[in-house]
Amino acid sequence: MNDSSWGTPQTGYWQPSDQGPIRGPVQRAAPAGPAYDALDAQQTRPMPIVPDVSAHGGNQDDDRGAARLSGPLFRDESTSAPSHAATPQNPEPMHDAPQPAPAPQKKSAGRDLGAAIGVGLGLGAVIVASLFVVKAVFVGVIAVAVVVGLWELTKRLEERKGIRAPLVPLAIGGAAMVVAGYVRGAEGAWVAMALTALAVLVWRMTEPPEGYLKDVTAGVFAAFYVPFLATFVAMMLTADDGPYRVLTFLLLTVVSDTGAYAVGWRFGKHKLAPRISPGKTREGLLGAVTFAMAVGALCMQFLVDDGIWWQGLLLGLAVAASATLGDLGESMIKRDLGIKDMGTLLPGHGGIMDRLDSLLPTAPVVWLLLVLFVGST
């Protein structure tokens, strides 16, 4: 830098000359060279006092309210220095120490597998025993599952949304719907469904009218979603080989869920419906289809009367699709309610509704295809 950049020269410096002392402030000619420029600059203008820079940032105020610099002191300086540059407090440049590589995390299944397997085996034993001993006992098992599922669903609706779907007419009408489907077939199931919906409308009239529409709408939805769809399982049971049809239905649904879970957990990379159920993958769906089609061919060939293996392939494909859609449907409901599980009745599984999510929409699909393939009796 040159002297002119500092402005007017300081007064009080007297320069001798041939004519005698000059009585006033003058400027003397500066010898050439950068060393003199620095010395002369120090003699003609004092250096500004630079406040200490905060230890945690060059241009940031510290906790004590220190002054902040608004620009560089010299024209060839930058406003900030690299974080690794040497400083008076830190004479040696700091280098980033190499960080150890993170240890690979073991992939978790996301549930208590021991409890889930134990509960699943226990439920399977109860279902199989009631299915092949007395058909009426199995109808009772369906009715109990329906009532518990309705209780879980209506409880969560009231807790999370303030919707009070009347449980009493739903429970009574739901159990009656299952029995009517077993005794009178599809006609009995539809009549029981209509009467249950009417009972919901009338029962809710005994309370204040605020929220009537949303309460009865939720009640009719619950009546269709849980007991009406479950009625198709009871209708499957009425055939001569009814227990084997129901067993085929249960095996295909469980195998589809298991195949999707196992393949998706091990190989899943591409999300199937991330906004609804982030854990489901396309690879898992492929596993569900593969497992269900294989088991479907075996069941139709060896369990169902007059069944053919290729019919089992189609049946397994349809079950994989309906079971996946049913699972996604309940995931949508649970996301809307802001919950992970519908209940805590079954350790490792959640609630009854968390086990019925795939079974309920699959029941009418299996019933219809079996009627088309081998008849209703």
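Reader: In what order do the elements of the protein chain run from the N terminus on?

Author: This is a predicted model. The protein chain has 9 helices and 2 strands. Read from the N terminus on, its elements follow the order α-α-α-α-α-α-β-β-α-α-α.

Reader: What percentage of the residues of the protein chain count as buried?

Author: The area that the protein chain exposes is about 22800 Å², and carbon and sulfur atoms supply 64% of it. Burial is counted over 377 residues, with under 20% relative accessible area as the cut-off. The share of residues that count as buried is 36%.

Reader: Of the contacts in the protein chain with a separation of 6 or more, what share do residues 24 or more positions apart account for?

Author: The count is restricted to contacts with a separation of 6 or more. Within that set, the part that comes from residues 24 or more positions apart is 65%.

Reader: Is helix α6 parallel, perpendicular or oblique to helix α8?

Author: Helix α6 spans residues 242-267 and helix α8 spans residues 309-337. Their axes come within 9 Å and cross at roughly 60°. Because of that angle, the relation of α6 to α8 is oblique.

Reader: Is the crossing in which α6 passes α8 left-handed or right-handed, and how do the residues of the contact divide?

Author: The crossing of α6 past α8 is right-handed. On α6 the contact is made by Thr248, Leu252, Thr253, Ser256 and Asp257, and on α8 by Leu315, Val319, Ala320 and Ala323. By class, the residues of this contact divide into 5 nonpolar, 3 polar and 1 charged.

Notes: Residues numbered from 1 in each chain as written. Predicted model: local features only at pLDDT ≥ 70, side-chain atom pairs only at ≥ 80, totals over all residues. Heavy atoms only, no water. Helix = DSSP H or I, 4+ residues; strand = E, 2+ residues; numbered from the N terminus. Buried < 20%, exposed > 50% of the residue type's maximum accessible area, 1.4 Å probe, protein only. Contact = heavy atoms within 4.5 Å. Areas by Shrake-Rupley, 256 points an atom, 1.4 Å probe, with all protein chains shown as cover. Axes fitted to C-alpha atoms, helices over the stretch in contact; angles between N-to-C directions. Parallel < 35°, antiparallel > 145°, perpendicular 65-115°, else oblique. Left-handed = near helix turned anticlockwise from the far one by under 90°. Nonpolar A, V, L, I, M, F, W, Y, C, P; charged D, E, K, R; others polar.
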